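Please look through the structure shown below before reading on. The report that follows begins with a single pair of residues and then widens the view step by step.

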Amino acid sequence: MGTRSDLGVLMLGLLVGFCLVFRCSATLWDTNALLVVNGSIRKMPETLFGVFFEEINHAGAGGLWAELVSNRGFESGGHHSPSIIDPWSIIGNDSLIKVSTEASSCFKRNPMALRMEVVCDGDCPLGGVGIYNPGYWGMNIEKGKTYNLVFYIRSLGSVNMSLSLTDSTGMQPLATTNIIKNDVSNWTKIVTKLEAKGSNSNGRLELKTDKKGVIWFDQVSLMPTDTYKGHGFRNDLFKMVADMKPAFIRFPGGCFVEGEYLRNAFRWKETVGAWEERPGHFGDVWFYWTDDGLGHYEFFQLAEDLGAAPIWVFNNGISHQESVDPAIIMPFVQEALDGIEFARGDSNSTWGSVRAAMGHPDPFDLKYVAIGNEDCGKKYYRENYLQFYAAIRKAYPDIKMISNCDGSRVKLDHPADMYDFHIYSDARTVFSMANTFDRTSRVGPKAFVSEYAVTGDDAGLGSLLASLAEAGFLIGLEKNSDIVEMASYAPLFVNTNDKRWKPDAIVFDSSQSYGTPSYWMQHFFKDSNGATLLNSTLQANASNTLAASAIVFQDPLSKKNNLRIKAVNFGSSTVSLKILIDGLDPNLLDTSGTQTVLTSANVKDENSFANPKKIIPVTSLVEKAGRNMDVVLLPHSLTCFDVLMKSGIAEITSTTEDKSYISSM
């Protein structure tokens with residue numbers, strides 16, 4: 001038997017349906033959608049919405065990681081001589097300078113070094129000859145900023161070098177210093193600073209001399225001194241992620257973790273310790289070299305700086321082309337255990353001491369690990385998974401483990417705390433998947449929707465249409481947050497010069513960035529983490545193009561509670577929406593509020609560097625807020641209505657019936 005509130009909702013639904021059929025003319029009957037919100041409440045997970053970082057599209061190398069030199073260790077051409085040194089190039093012609101690589105480095109794990117032979121003697125061009133590095137499609141050099149330059153050098157004679165930052169042609173000097181060293185017969189570390197006297201977003205680093213002889217270079221690094229907290233993260237990109245208030249960050253992949261072949265997979269042990277000693281690797285899924293300056297330690301530091309729970313995805317012995325036999329999987333299991341110890345171990349433990357030596361004596365707060373990425377259907381996944389699961393559960397019983405196998409329709413045949421769910425499709429399909437978890441069992445592992453996005457023609461490079469479909473899908477996740485623990489969009493970043501995957505949330509180049517509509521859409525959900533979900537019922541003649549939810553969240557600054565109603569109009573017609581807050585004391589809600597809308601003139605509109613704010617949330621005041629609200633949903637729009645609550649949510653009940661409202665119909 002239903003409650004009186006249930007009967008009220010039923011009566012309202014019948015009356016609205018009657019009106020839609022017979023085209024009633026009174027004020028209420030002109031309304032073509034009704035949202036009834038009542039006080040049956042449930043707290044949503046604190047971890048519901050976060051971000052997923054993968055090294056794809058040069059998201060880290062040439063992106064969030066602020067290192068300006070590309071191929072700083074001359075390793076990307078391979079361990080043979082001579083090899084390609086791209087993007088390094090020479091200053092001067094081949095008759096004046098000769099360069100090649102050779103395995104003569106002082107670092108065992110990255111043996112390659114650059115040999116530069118200067119042939120000219122007294123007749124070198126003005127300014128000398130040498131080598132330059134343009135970084136990742138140009139270095140962003142800003143006037144007044146200081147840059148740390150570090151490199152290793154060796155020569156049989158003395159050296160006199162000019163170290164400069166210039167424009168892309170080398171004609172405009174931006175910063176210059178000189179070094180003179182009489183004895184560098186052994187590898188010598190050079191540390192200096194360059195202060196920019198001018199600005200250029202397409203700059204380069206030059207190392208020049210006019211002295212005849214041979215000089216060897218290795219591990220050349222140029223970093224801005226003003227990275228976030230000095231931790232190496234590019235400020236503007238870090239801020240864009242931080243502004244999303246992510247509850248978690250999943251890293252470092254994605255397919256980047258697997259590799260096309262295991263020899264090119266992300267192996268965390270090769271990414272910790274001194275940056276000079278990291279060998280780097282070629283990501284053969286996304287086809288570019290990374291020096292792994294953004295490594296295992298830095299990912300955990302990133303999570304801590306964001307205030308987000310780290311979710312480490314580790315390689316489980318599977319690549320796109322290979323699967324390790326269960327009989328010999330234990331070295332991979334031990335590598336995973338060691339990786340957890342690096343994050344959580346005491347500073348006196350084997351791997352915890354490595355973390356401490358890198359500057360973080362206290363453990364990181366690692367509570368989640370994912371055993372592989374998209375590997376469920378691959379050979380040996382389940383057999384190997386069970387060995388990982390047993391070993392981790394024994395050593396770290398509190399860690400939650402995430403399976404790659406989808407448990408939304410069929411019960412998993414192996415133990416797990418969560419299961420991974422990925423969805424990439426067209427806009428209509430993604431919008432319609434709002435009810436995907438409606439029929440999922442409420443018993444067993446919870447869902448982690450770690451990758452979702454609209455792709456293909458509907459998405460373009462990041463369209464309004466894509467963001468609206470995704471918003472409808474997320475509203476469905478909110479309503480199923482009793483069994484959906486986490487969700488994150490993918491991918492997070494794209495360097496506009498290397499669009500391996502599209503669309504993406506944040507687009508950038510060396511000096512600027514903007515958010516796509518999907519980025520801004522996620523801002524509508526960032527206050528849902530830990531918020532209280534209210535039951536809501538939507539009645540409409542176009543229910544297949546509408547989605548709505550209601551929550552109560554606490555403003556982190558004012559500490560006051562707010563009622564938020566989000567609504568997606570996925571259709572091409574304006575919708576008049578009547579909102580009824582059932583069972584709420586009218587005195588609990590403020591009489592005014594705010595309305596925030598994400599929309600544009602054309603559903604396929606996109607943001608760009610030329611117009612980065614074409615589609616962004618626009619907020620305005622709502623003067624007549626309260627228990628009953630008449631609002632308008634623009635065609636193809638995402639709207640949220642926020643109303644300040646004068647008290648807590650305990651006063652919301654589901655035992656009253658709005659008789660006055662019903663009688664007014």
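In this predicted model, Val313 stands opposite Ala370 in strand E18. The strands concerned, E17 and E18, pair in the parallel sense over four bridges. E17 also pairs with E14, again in the parallel sense and over four bridges, and here the bridge partner of Arg250 in E17 is Ile311.

**The barrel**

These pairings belong to a wider arrangement, a closed barrel of eight strands with parallel pairing, which runs E2-E14-E17-E18-E19-E20-E21-E22. From one strand to the next, the twist averages 25°. Further along this order, strand E19 (residues 400-403) and strand E20 (residues 418-425) pair in the parallel sense over two bridges, and Met418 is the bridge partner of Ile402 in E20.

Helices pack on this sheet. Helix H6 (residues 330-344) touches strand E17 (309-314) and strand E18 (368-371), and the direction of H6 makes about 160° with that of E17. Helix H10 (residues 464-479) touches strand E2 (49-52), E20, strand E21 (446-454) and strand E22 (484-489), and the direction of H10 makes about 170° with that of E21.

How many of the residues of E17 are buried? Six of the six are, so this strand is largely enclosed by the rest of the structure. Ala309, Ile311 and Val313 point one way from E17, whereas Pro310, Trp312 and Phe314 point the other way, and all of them are buried.

**Helix H5**

Helix H5 (residues 296-306) is also largely enclosed by the rest of the structure, because ten of its eleven residues are buried. Among the buried residues are His296, Tyr297, Phe299, Phe300 and Leu302, together with Glu298 and Asp305. What do the buried residues of H5 pack against? They pack against helix H3 (235-242), strand E14 (248-251), E17, H6 and helix H7 (352-357).

One residue of this helix can be followed in more detail. Gln301 lies in H5 and counts as buried because its relative accessibility is 5%, which is under the 20% limit used for that word. Leaving aside residues up to four places away in sequence, Gln301 touches His231, Phe233, His360 and Phe364. After the end of the helix comes Gly307, whose phi is positive, near 70°.

**Aromatic rings**

A pair of aromatic rings is described by the distance of the centres and the angle of the planes. A search of the whole structure finds 32 aromatic pairs, and two of them are set out in the table.

| Ring pair | Distance of centres | Angle of planes | Description |
|---|---|---|---|
| Phe248 and Phe448 | 5.4 Å | 85° | edge-to-face |
| Trp286 and Trp501 | 6.4 Å | 85° | edge-to-face |

Phe248 lies in strand E14 and Phe448 in strand E21, so their pair ties together parts that are 200 residues apart in sequence. Phe248 counts as buried, at 0% relative accessibility, and Phe448 likewise counts as buried at 0%.

The pair of Trp286 and Trp501 links distant parts of the chain, 215 residues apart, with Trp286 in the loop between strand E15 (281-283) and strand E16 (288-290), and Trp501 in the loop between strand E23 (493-495) and strand E24 (506-508). Are these two residues buried or partly exposed? Trp286 is buried, with a relative accessible area of 13%, whereas Trp501 is partly exposed, with a relative accessible area of 27%.

Arginine residues also lie over ring faces. Arg250, already met as the partner of Ile311, lies over the face of Phe52 at 4.3 Å from the ring centre, and Arg263 lies over the face of Tyr261 at 4.8 Å from the ring centre.

**The C-terminal part**

The UniProt record, an unreviewed entry, annotates residues 450-637 as "domain: Alpha-L-arabinofuranosidase C-terminal". In the model this span is 12% helix and 40% strand, and its end C-alpha atoms lie 25 Å apart.

Leu464 lies in helix H10 and is buried, with a relative accessible area of 0%. Not counting residues up to four places away in sequence, Leu464 touches Pro517, Leu598, Thr599, Ser600, Asn602, Val603, Asp605, Ile615 and His636. One of these, Asn602, is 138 residues from Leu464 along the chain, yet the C-alpha atoms of the two are separated by 8.0 Å.

Key. Residues numbered from 1 in each chain as written. Predicted model: local features only at pLDDT ≥ 70, side-chain atom pairs only at ≥ 80, totals over all residues. Heavy atoms only, no water. Pairing = 2+ DSSP bridges. Axes fitted to C-alpha atoms, helices over the stretch in contact; angles between N-to-C directions. Contact = heavy atoms within 4.5 Å. Buried < 20%, exposed > 50% of the residue type's maximum accessible area, 1.4 Å probe, protein only. UniProt positions renumbered as here; feature names shortened; annotations may be inferred. Phe/Tyr/Trp six-rings, centres within 6.5 Å; stacked < 30°, edge-to-face > 60°. Lys NZ or Arg CZ within 6 Å of the ring centre and 35° of its normal.
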